[in-house]
Amino acid sequence: MDYLEWRHVFKLDPAKDISDEALEKICESGTDVILVGGTDGVTLDGVLDLLVRVRRFEVPIALEISTIDAVTPGYDYYFIPTVLNSDDPKWIKNLHHEAIKEYGDIMVWDELVAEGYCILNPNCKVAEVTQANTDLSTDDVVAYARMAENFFKLPVFYLEYSGVYGDIAIVRAVKNELQNTKLFYGGGITSSKQAAEMAQVADTVVVGNIIYEDLKAALSTVKAVKNAI
Ligand SMILES: CC(C)=CCC/C(C)=C/CC/C(C)=C/CC/C(C)=C/CC/C(C)=C/CC/C(C)=C/CC/C(C)=C/COP(=O)(O)OP(=O)(O)O
Ligand SMILES: O=P(O)(O)OC[C@@H](O)CO
Ligand SMILES: [Mg+2]
């Protein structure tokens with residue numbers, strides 16, 4: 001599966017506006033994929049709009065499902081988060097159970113990629129919405145990574161610092177534990193230096209909000225990640 005080889009990901013938020021000019025630069029930047037996702041304000045219109053606009057380019061496009069009301073055919077992959085450190089079973093498996101009960105007969109399972117999220121920024125929106133317990137030691141986080149890989153056999157473990165730059169020591173400790181499950185890192189990357197640092201440890205680096213704040217800085221992260229060893 002291609003996603004096993006991804007190094008750099010741009011995450012576009014369907015609740016935010018992006019100009020055609022900026023979108024073209026993002027799509028032609030050399031990134032491995034455009035991942036469409038956000039915590040709130042995600043609508044079918046927003047998800048369709050980005051699908052149609054990104055499809056004009058060659059880059060693959062994946063949808064990270066945050067609400068079942070905003071799912072449409074046509075994406076290359078569907079990423080399904082399960083928030084391992086949520087205190088509310090809704091975000092771990094209940095919404096998933098509901099969706100599979102309703103759409104299980106028509107699902108193309110090979111297009112679905114399950115992601116075990118571990119959210120570590122206590123002040124981000126997704127931590128609040130999912131009631132994530134972010135008060136975790138390195139050992140706690142490593143245990144979630146082991147759970148993702150060995151117990152649930154998830155293809156992706158996503159260390160989510162949304163909005164703040166993470167702790168490289170924690171990212172390294174997790175990476176050292178994982179053999180098959182891919183480590184996605186996302187959060188607070190605003191420069192090529194940060195992107196390169198995380199890319200030396202994580203399998204895949206996700207760049208989000210800086211796209212909307214400083215396009216040039218966002219674009220600089222692609223080369224930084226691709227050149228990192
Ligand atoms: C062809 C076709 C239609 C195929 C699809 C079939 C189908 C219906 C598949 C569904 C399968 C399934 C099991 C779905 C699960 C449904 C579901 C709603 C699950 C819940 C997912 C979940 C735990 C969401 C929580 C929120 C979350 C982790 C979102 C990810 C995005 C994220 C962290 C964004 C970062 O936040 P952001 O919004 O950027 O924050 P700022 O604005 O502060 O930057
Ligand atoms: O928006 P930022 O902070 O870059 O985080 C990226 C991504 O991990 C969000 O889900
Ligand atoms: Mg965002």
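**A walk through the predicted chain**

The accessible surface of the chain comes to about 11300 Å², and carbon and sulfur atoms account for 49% of that area. The model is predicted, and every value below is computed from it. Buried residues make up 49% of the 229 residues in the chain. The C-alpha trace spans about 45 × 45 × 30 Å along its principal axes. For 229 residues, a compact globule would have a radius of gyration near 17 Å; the chain has 16 Å, so the two agree.

The secondary structure consists of nine helices and eight strands. Taking the contacts between residues at least 6 apart in sequence, 69% join residues at least 24 apart.

Two sets of annotated positions serve as a way into the fold. In the unreviewed UniProt entry, one "binding site" annotation covers Lys11, Tyr158, Leu159, Glu160, Tyr161, Ser162, Gly163, Gly188, Gly208 and Asn209.

Lys11 is found in strand β1, which runs over residues 8-12. Is Lys11 buried or exposed? Its relative accessibility is 12%, and because buried means under 20%, Lys11 counts as buried. The side chain of Lys11 makes a polar contact with the side chain of Glu64, at 2.7 Å. Glu64 is also one of the residues in contact with Lys11 once neighbours within four places in sequence are left aside. Others in that set include Leu35, Gly37, Tyr117, Val206, Val207 and Ile211. Lys11 is also in contact with Tyr158, Glu160 and Gly208, and these three names appear in the annotation as well.

Leu159, from the same annotation, lies in strand β6, residues 156-160. At 0% relative accessibility, Leu159 counts as buried. Leaving aside neighbours within four places in sequence, Leu159 is in contact with Cys118, Leu120, Val141, Val171, Val174, Leu183, Phe184, Tyr185 and Gly186.

Cys118, one of those contacts of Leu159, is buried too, with a relative accessible area of 0%. What keeps Cys118 from a bond with the closest cysteine sulfur? That sulfur, in Cys124, is 11 Å from the sulfur of Cys118, and a disulfide requires the pair to be within 2.5 Å, so the distance is too far for a bond. A search of the whole structure finds zero disulfides. Cys27 is another buried cysteine, with a relative accessible area of 6%.

The second set is a "binding site" feature that UniProt, again in an unreviewed entry, places at Asp13 and Thr39. These positions are spread over 27 residues of sequence but cluster in space, the largest C-alpha distance being 8.5 Å.

Asp13 lies in the loop between β1 and α1 (20-27). Asp13 is buried, with a relative accessible area of 12%. The side chain of Asp13 reaches the backbone nitrogen of Ala15 at 2.9 Å. Beyond its neighbours within four places in sequence, Asp13 is in contact with Gly37, Gly38, Leu50 and Tyr212. Gly37 also appears among the contacts of Lys11.

Thr39 lies in the loop between β2 (33-36) and α2 (44-54). Whereas Asp13 is buried, Thr39 is partly exposed, with a relative accessible area of 31%. With neighbours within four places in sequence left aside, the residues in contact with Thr39 are Ser66, Lys125, Val126 and Val129.

Definitions and conventions. Residues are numbered from 1 along each chain as its sequence is written. Chains are lettered from A and ligands numbered from 1 in the order in which they are written. This is a predicted model: local features need pLDDT of at least 70, side-chain atom pairs count only at pLDDT 80 or more; totals for chains, interfaces and linings use all residues. Side-chain values use heavy atoms; hydrogens and water are left out. UniProt positions are given in the numbering used here, feature names are shortened, and annotations may be inferred rather than shown by experiment. Helices (H or I, at least four residues) and strands (E, at least two) are DSSP runs, numbered from the N terminus. Buried means under 20% relative accessible area, exposed over 50%, partly exposed in between (1.4 Å probe, protein chains only). Contact means heavy atoms within 4.5 Å. A polar contact is a pair of N or O atoms within 3.5 Å; within protein, one must be able to donate a hydrogen and the other to accept it, and residues adjacent in sequence count only if both atoms are side-chain atoms. The radius of gyration is taken over C-alpha atoms; the globule rule is 2.2 Å times the number of residues to the power 0.38. Accessible areas come from the Shrake-Rupley method with a 1.4 Å probe; for residues, only the protein chains shown count as cover.
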